[in-house]
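Student: I should like to study a single part of this structure closely rather than survey everything at once. Please choose one part, describe it carefully, and then show me how it is related to its surroundings.

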Amino acid sequence: MATFRKTCLVTAAPLVLAVAGLAHPHGLTRATAAEWEQTHILLLPVFPLLTIGLLVPLWQRPRRDTTGVATLVAWVAAFGYAAFYTGLDAVAGIAAGTAVAHADEEAGLGPVKRPLYDTGEALGQIGAYALIVAVLATAVALFPRHGLRVIPGTAVLLASGWSFVDSHIFWPRGVYTMLGFALGFALLGWGADRNAIGRISESRSSRTTGRRPSPS
């Protein structure tokens with residue numbers, strides 16, 4: 001049950017973002033400006049929560065060794081993602097939507113949107129690359145204790161992180177990227193959960209010896 005709760009915790013944010021991506025306007029126009037602005041206001045607290053998928057398996061006091069250093073790097077990089085990607089959401093999302101909604105009818109929208117898009121894109125890319133660094137550092141921190149079990153989740157997260165650099169949550173690739181994050185966080189959490197591994201090993205042992213596994 002604890003493993004199930006952790007899986008729900010680490011996959012909640014990417015699944016919410018995947019659903020939001022299905023409803024996200026495909027472009028910013030006068031007709032979609034209000035929806036664009038409101039969507040990004042609602043998502044403002046959600047994007048930083050992607051880091052929960054890394055913080056949960058790292059939820060321990062860092063030791064004074066390589067693992068501890070990698071844990072600190074993962075925490076700092078996760079904070080960098082949360083800070084800079086929030087900047088993208090605020091500038092290219094909320095600010096751009098507000099600016100277009102209040103632009104003069106005769107004004108062209110390109111000069112209104114483009115500076116905000118450019119600034120937001122730069123902030124978002126810094127955040128996305130920081131998230132990739134956080135994934136790599138998390139894998140380094142977890143590998144000495146959990147070994148190859150953390151590799152599948154790390155691989156899925158790195159692929160999703162690379163896609164995230166320029167996909168945001170736009171349909172279709174952005175939605176698939178968020179689903180990839182959900183899968184990657186679930187796999188990583190499972191690989192770092194010693195209790196789950198212990199129950200599987202116990203179950204296999206019981207089938208071999210004919211004994212029933214003890215209840216958890």
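Tutor: Of the 216 residues in the protein chain, 44% are buried. The model is a predicted one, and its secondary structure comes to eight helices and zero strands. Along the sequence the pattern therefore reads α-α-α-α-α-α-α-α. Among contacts between residues at least 6 apart in sequence, 74% join residues at least 24 apart.

The part I propose for a close look is the pair of helices α6 and α7, together with the loop between them. Helix α6 covers residues 151–167, and helix α7 covers residues 173–191. Two packed helices are described by the angle between their axes and the distance between the axes. For α6 and α7 the angle is about 155°, and the axes lie 8 Å apart. An angle over 145 degrees counts as roughly antiparallel, so α6 and α7 are roughly antiparallel to each other. The crossing of α6 with α7 is left-handed.

Which residues make this contact between α6 and α7? From α6 come Pro152, Gly153, Thr154, Val156, Leu157, Ser160, Gly161, Ser163, Phe164, Asp166 and Ser167. From α7 come Arg173, Gly174, Thr177, Met178, Gly180, Phe181, Leu183, Gly184, Phe185, Leu187 and Leu188. Sorted by class, the residues of this contact comprise ten nonpolar, ten polar and two charged. Glycine is counted among the polar residues in this sorting.

Asp166 of α6 and Arg173 of α7, which belong to this contact, are also joined by a salt bridge between their side chains, with an N to O distance of 2.8 Å. Arg173 has a relative accessible area of 40% and is therefore partly exposed.

Next comes the loop between the two helices. Pro172 lies in this loop between α6 and α7, and the peptide bond that leads from Trp171 to Pro172 is cis, with omega near 5°. His168 has its place in the loop between α6 and α7 as well. Its phi is near 50°, a positive value in a residue other than glycine. These details deserve attention because most residues other than glycine have a negative phi, and most peptide bonds are trans. Is His168 buried or exposed? The relative accessible area of His168 is 9%, and the limit for a buried residue is under 20%, so His168 is buried.

Helix α7 also has a second partner to consider. Helices α1 and α7 pack at an angle of about 175°, with their axes 8 Å apart. At that angle, α1 is roughly antiparallel to α7. On the side of α1, the residues in contact are Thr7, Val10, Thr11, Pro14, Leu15, Leu17, Ala18, Gly21 and Leu22. They meet Val175, Met178, Leu179, Phe181, Ala182, Phe185 and Ala186 in α7. By class, this contact of α1 with α7 has 13 nonpolar, three polar and no charged residues. Met178, Phe181 and Phe185 of α7 appear in the contact with α1 and also in the contact with α6.

Finally, the salt bridge between Arg173 and Asp166 may be set beside the others, for the total in the model is three salt bridges. One of them joins the side chains of Glu105 and Arg30, at 3.9 Å from N to O. Glu105 lies in the loop between α4 (66–101) and α5 (110–146), while Arg30 lies in the loop between α1 (2–23) and α2 (33–43), so this pair ties together parts that are 75 residues apart in sequence. Glu105 counts as exposed at 62% relative accessibility, whereas Arg30, with a relative accessible area of 32%, is partly exposed.

Another salt bridge joins the side chains of Arg114 and Asp118, at 3.8 Å from N to O. Arg114 and Asp118 both belong to helix α5 and are four residues apart, about one turn of the helix. Arg114 is partly exposed, with a relative accessible area of 47%, and Asp118 is likewise partly exposed, at 46%.

How values were computed
Residues numbered from 1 in each chain as written. Predicted model: local features only at pLDDT ≥ 70, side-chain atom pairs only at ≥ 80, totals over all residues. Heavy atoms only, no water. Axes fitted to C-alpha atoms, helices over the stretch in contact; angles between N-to-C directions. Parallel < 35°, antiparallel > 145°, perpendicular 65-115°, else oblique. Left-handed = near helix turned anticlockwise from the far one by under 90°. Contact = heavy atoms within 4.5 Å. Salt bridge = Lys/Arg side-chain N within 4 Å of Asp/Glu carboxyl O. Buried < 20%, exposed > 50% of the residue type's maximum accessible area, 1.4 Å probe, protein only.
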